[in-house]
Amino acid sequence: KKMELLLLLIICQCTINSVKTHSVSKPNIVLLMADDLGIGDLGCYGNGTLRTPNIDRLAEEGVTLTQHIAASPLCTPSRAAFLTGRYPIRSGMAAFSRVGVFLFSASSGGLPSEEITFSKLLKQKGYATALIGKWHLGMNCESSNDFCHHPHSHGFDYFYGLPVTNLRDCKPGQGSVFLKGVQKALVIPVQITGIALVSLAIVQYLGLLKVPFQALGYFLLIVTISLVALIVFFYHFRHLNCFLMRDHQIIQQPLSYENLTQRLTKEAMQFIGRNTDAPFLLVLSYLHVHTALYASENFKGKSKHGLYGDAVEEMDWSVGQVLDVLEKHNLSDKTLVYFTSDQGAHVEEISSAGEVHGGYNGIYKGGKSTNWEGGIRVPGLLRWPGVVQAGAYIDEPTSNMDIFPTVVKLADAQLPSDRIIDGHDLLPLLQGKVTRSKHEFLFHYCNAYLNAVRWHPGNSESVWKVFFFTPNFSPEDSNGCYDSHVCFCHGGFITRHDPPLLFDLSRDPEEKVPLTPETESRFYEILRVVHQAVDNHTRSLRAVPNQLSWDNLLWKPWLQLCCSSLFQSCYCDYESGGSPLEVHSG
């Protein structure tokens, strides 16, 4: 009897181990990414007025990362780092110019084909892969149908979404992110042109210089054509850059915001429904809550925080729909779900009517485009029933780059050995097998410029943060760069610090009071260690083509995607029925 009981116990234990081993091998992966969401916008991070019960449910049933860091405070580089597990400087996805993201669908820059994304590796392991929503990592290189930067070229079997991003210019009546900048940029050239023309006319009249009228005519013609082209481009910006694609086909140009979140959610649910019998990777990349803000009739006017709150609550509804469909197909226990934002809230976003359209970063300073904590400390929620701890909080430094090695390992794929992967596998932390993050150092870039370094020594609870320069807020006593809409990374837009600013985030998470040699006895020792880490990090970088150079950023007519023709204003709508046309070049 005792022997039979012992054998039975051994068999049961082997079965349990077998189930557990199977459960942590090749699970489904659902990655949910908000756009410009503040860490203080969610109930699970302390918000008491916005209703986010479905996102909060992820926290209750999984792990909440309280020091989860975006690899960049801007969309394009942050998403590049997320997909590749590497600092964006390594892939050329960090700008040396003022503009740090792609603005046009017909730019030639994008995530290089040489980069290895987790979607590529999971696809090789038999995963069905889909990206639904915002892409923002480029489209074409040399022609309007080479699709060298398209999601299909980076391991996604299915794409339904926006090739660029959601902007105020995409929604009539919401203003423009370009108008103020274009006006400022044109003032000096127009003044110079005017002065030059008047001066030429005077010297011509006085007989001091003979200027051929033909040359003057050509000059005026070039100036006129350039101004007309600029006006026409921005007049048609919405048609040229704000459109919806399914795979390689445009299905709605320009984009309609009507029930847009419902459409994205439906696509996500249908993708899950088509892949219940095999492992899948779903990246649902929300347009919420980047401006232009929008919400469907079911949510408009329902929150306590205007249109921004309506958008957050609609996104929460969408998360709930995804969780419900997993439950419906008995996939919850077989699926790792991750929720985050690409960077912190855009605090400078205020509508023309004066309504706050940016989010809330809680106690943290600054926001999007800065490496103050408000710009890079983002929600990090992971749920996997039976595998990941439920209701746990982890205050160790983690990064959105960590998703790459985490999901690659779960899919039984091999990490690339020919390049540096900056992320670390999160699973040991999530399961409570270790208590310390592998990130001793994290490097915070403002575009391509090393802005700050975070150091979490292995023998200390302190999290030191060193700033080499900081953005000049405008107005000075504000929490952002309201005069320029975003903060910039060089020249007169920043203040350099020598010695660098030093904070201990474990004692001063709001980054209020920089430490000094008088208030921190190890001040110079900490700076010495950080400088050594910077030297080591810098030596690990390799020269790569800059994907965000002016040449790669500028609009190129021959790369323009258009479902009709440029002369027909690139208009089509196949969302309500009919077959989408193949994409045509302009």
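The exercises below, each with a worked solution, concern the predicted model shown above.

**Exercise 1. The nonpolar cores**

Task: Determine how many residues the largest nonpolar core has, and which helix gives the most to this core.

Solution: The largest nonpolar core has 63 residues, and those with the most contacts inside it are Leu37, Phe280, Leu282 and Phe339. Turning to the helices, the one that gives the most to this core is H10 (residues 306-328), with 10 residues. Apart from this core lies another, of 53 residues, which includes Leu111, Phe118, Leu382 and Leu410.

The surroundings of Phe280 can then be listed. Once its neighbours within four places in sequence are left aside, Phe280 is in contact with Asn28, Ile29, Val30, Tyr127, Ala128, Phe271, Ile272, Asn275, Leu326 and Leu331.

**Exercise 2. Two aromatic pairs**

Task: Classify the ring pair Tyr87 and Phe443 from its geometry, and then do likewise for Tyr257 and Tyr294.

Solution: By the ring-centre rule, the count comes to 17 aromatic pairs. For Tyr87 and Phe443, the ring centres are 6.1 Å apart and the planes stand at 75 degrees; because planes over 60 degrees apart count as edge-to-face, that is the class of this pair. The pair links distant parts of the chain, with Tyr87 in the loop between helix H3 (75-84) and helix H4 (88-91) and Phe443 in strand S12 (residues 441-446), 356 residues apart. As for burial, Tyr87 has a relative accessible area of 4% and is buried, and Phe443, at 9% relative accessibility, also counts as buried.

For Tyr257 and Tyr294, the centres are 5.1 Å apart with 55 degrees between the planes, and the pair is tilted. Here too distant parts of the chain are linked: Tyr257 is in the loop between strand S6 (249-253) and helix H9 (260-274), while Tyr294 is in the loop between strand S7 (280-285) and H10, 37 residues apart. Tyr257 counts as buried at 11% relative accessibility, and Tyr294 is buried with a relative accessible area of 2%.

A last step returns to Tyr87, which ring pairs link with Phe441, Phe443, Tyr445 and Trp455 into a cluster.

**Exercise 3. Salt bridges and their surroundings**

Task: For the salt bridge between Arg507 and Glu520, decide whether Arg507 is buried or exposed, and decide whether Glu520 is buried or exposed.

Solution: Side chains of opposite charge can pair when their charged atoms come close. A search of the whole structure finds 29 salt bridges. In the one asked about, the closest N and O atoms of Arg507 and Glu520 are 3.3 Å apart. Arg507 lies in the loop between strand S15 (494-504) and helix H14 (523-539), and Glu520 lies in the loop between S15 and H14, so the pair ties together parts that are 13 residues apart in sequence. With a relative accessible area of 54%, Arg507 is exposed, whereas Glu520, with a relative accessible area of 4%, is buried.

Another salt bridge joins the side chains of Asp157 and Lys123, at 3.2 Å from N to O. This pair links distant parts of the chain, since Asp157 is in the loop between strand S3 (128-134) and strand S4 (158-162) and Lys123 is in helix H5 (residues 118-124), 34 residues apart. Asp157, at 36% relative accessibility, counts as partly exposed, and Lys123 is partly exposed with a relative accessible area of 39%.

The side chains of Lys512 and Glu510 also meet in a salt bridge, at 3.4 Å from N to O. Lys512 counts as exposed at 60% relative accessibility, and Glu510 as partly exposed at 30%. Elsewhere, salt bridges that share partners join Glu373, Arg377, Arg454, Lys465 and Glu511 into one network.

**Exercise 4. An enclosed helix and a surface patch**

Task: Explain why helix H3 can be called largely enclosed by the rest of the structure, and state where Leu209 is found.

Solution: Of the 10 residues of H3, 10 are buried, so the helix is largely enclosed by the rest of the structure. Among these buried residues are Cys75, Arg79, Phe82 and Leu83. H3 is followed by Gly85, whose phi is positive, near 70 degrees.

Leu209 is found in the loop between helix H6 (179-206) and helix H7 (213-235). With a relative accessible area of 45%, Leu209 is partly exposed. Together with Val198, Ile202, Tyr205, Leu206 and Leu208, Leu209 forms a nonpolar patch on the surface, with about 700 Å² of accessible area in total.

How values were computed. Residues are numbered from 1 along each chain as its sequence is written. This is a predicted model: local features need pLDDT of at least 70, side-chain atom pairs count only at pLDDT 80 or more; totals for chains, interfaces and linings use all residues. Side-chain values use heavy atoms; hydrogens and water are left out. Patches are made of residues with over 30% relative accessible area and no salt bridge: like charges are joined within 9 Å, nonpolar side chains (Val, Leu, Ile, Met, Phe, Trp, Tyr) within 5 Å. Accessible areas come from the Shrake-Rupley method with a 1.4 Å probe; for residues, only the protein chains shown count as cover. A salt bridge is a side-chain nitrogen of Lys or Arg within 4 Å of a carboxyl oxygen of Asp or Glu. Helices (H or I, at least four residues) and strands (E, at least two) are DSSP runs, numbered from the N terminus. Buried means under 20% relative accessible area, exposed over 50%, partly exposed in between (1.4 Å probe, protein chains only). A nonpolar core is a set of buried Ala, Val, Leu, Ile, Met, Phe, Trp, Tyr and Cys residues joined through side-chain atoms within 4.5 Å. Contact means heavy atoms within 4.5 Å. Rings of Phe, Tyr and Trp (its six-membered ring) pair if their centres lie within 6.5 Å; planes under 30 degrees apart count as stacked, over 60 as edge-to-face and the rest as tilted.
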